[in-house]
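Trainee: Could you take me closely through one part of this model, the sheet and what packs around it?

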Amino acid sequence: MKALVFADVTDPWSYIGATRFERAAAAFTILSGEPVEISFRARLGDPVVLSAGEQEQVASAARITGIDLNFAEVVAADTVDAWRLLTWADEAGPGVQRDLAHQLWRAHFLEGADVADPLVLSSRAALVGLDLETSEALLASDEYGPEVRTQDETARSLGVTQLPHVIVETTWTLAGIQSQNDYVQALRQIHGEWRKLDP
C-alpha cells in the first residue's frame, strides 16, 4: 500500500505523528506481510508559535513517542527550501526522504538549527547520503520549487488543516495526530477494504 503524509518541517505534531505512523506501518507490515510505502508531501504553514501550555502538551506527546524537543532553541524558519530538498530526496531511493525529514526535524526541534539555512540543509542532506554539491546547486536554484508549491496547493484543495494528514491509496484519510495503536488498527481496516477493491 502507498501512503502520502502531508506534513511540515517546523510543525511539531507533524514530527510526532509521522514518527508514530511510520512505526505503525512497520508493525502492520510485520503482522500482515503487506509493505507500506510512505512518501512525504508539503503542507506549508506559518511558523508555529506555541504557548507555554501548548508546548507542554506537545512535549508530553513527544516523550510518549520517544522524541526529545527543545523549544527554547527553536528558530522560526520558512520551509520551502527544505521541501525542495525533501522532494528531490524522494527520488533518491527508499527511505532517503524519510531519513532527511527526521534529520531536519531533529535539527529544528532539538538542536536549534535554522532549517531555512542552505548550509544546514545541504549538510543534513549529506548525512543521509545525498551528494553535497548537488544539494548546494539545487538550493541555489528554484529547482523543485513548482513541485513544492503544487504539493501545498493540493493539500489546501483537499482541506488539509490538521497535520500530519495521511492519505492511503489516494482514498482513505487519517487526519491529525493519532496514537501508534490507532494507526495500526486504521491500516488493518484500510487493508481489508483495499483488498476487496483490488483482489
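Mentor: In this predicted model, a good place to enter the sheet is V168, which stands opposite W172 of strand 4. That pair belongs to the antiparallel pairing of strand 3, residues 165-168, with strand 4, which extends over four bridges. Stepping back, the sheet is an open one of four strands in the order 2-1-3-4, and its pairing is mixed. Its edges are formed by strand 2 (37-42) and strand 4 (172-175), each of which pairs on one side only, and from one strand to the next the twist averages 20°.

Two helices are worth following from here. Helix 1, residues 12-32, packs on the sheet and touches strand 1 (2-7), strand 2, strand 3 and strand 4, with its direction making about 165° with that of strand 2. Helix 8, residues 180-197, lies across strand 3 and strand 4 and runs at about 170° to strand 4.

The loop between helix 1 and strand 2 holds E34, a residue that deserves a careful look. E34 is buried yet has no salt bridge, because a salt bridge requires a side-chain nitrogen of Lys or Arg within 4 Å of a carboxyl oxygen of Asp or Glu, whereas the nearest side chain of opposite charge, that of R195, is 5.1 Å away. A polar atom of the E34 side chain does, however, lie 3.2 Å from the backbone nitrogen of M1. Leaving aside residues up to four places away in sequence, E34 touches M1, F28, T29, H191 and W194.

Note on methods
Residues numbered from 1 in each chain as written. Predicted model: local features only at pLDDT ≥ 70, side-chain atom pairs only at ≥ 80, totals over all residues. Heavy atoms only, no water. Pairing = 2+ DSSP bridges. Helix = DSSP H or I, 4+ residues; strand = E, 2+ residues; numbered from the N terminus. Axes fitted to C-alpha atoms, helices over the stretch in contact; angles between N-to-C directions. Contact = heavy atoms within 4.5 Å. Buried < 20%, exposed > 50% of the residue type's maximum accessible area, 1.4 Å probe, protein only. Lys, Arg positive; Asp, Glu negative; His and termini not counted. Polar contact = N/O pair within 3.5 Å; in protein donor to acceptor, adjacent residues only side chain to side chain.
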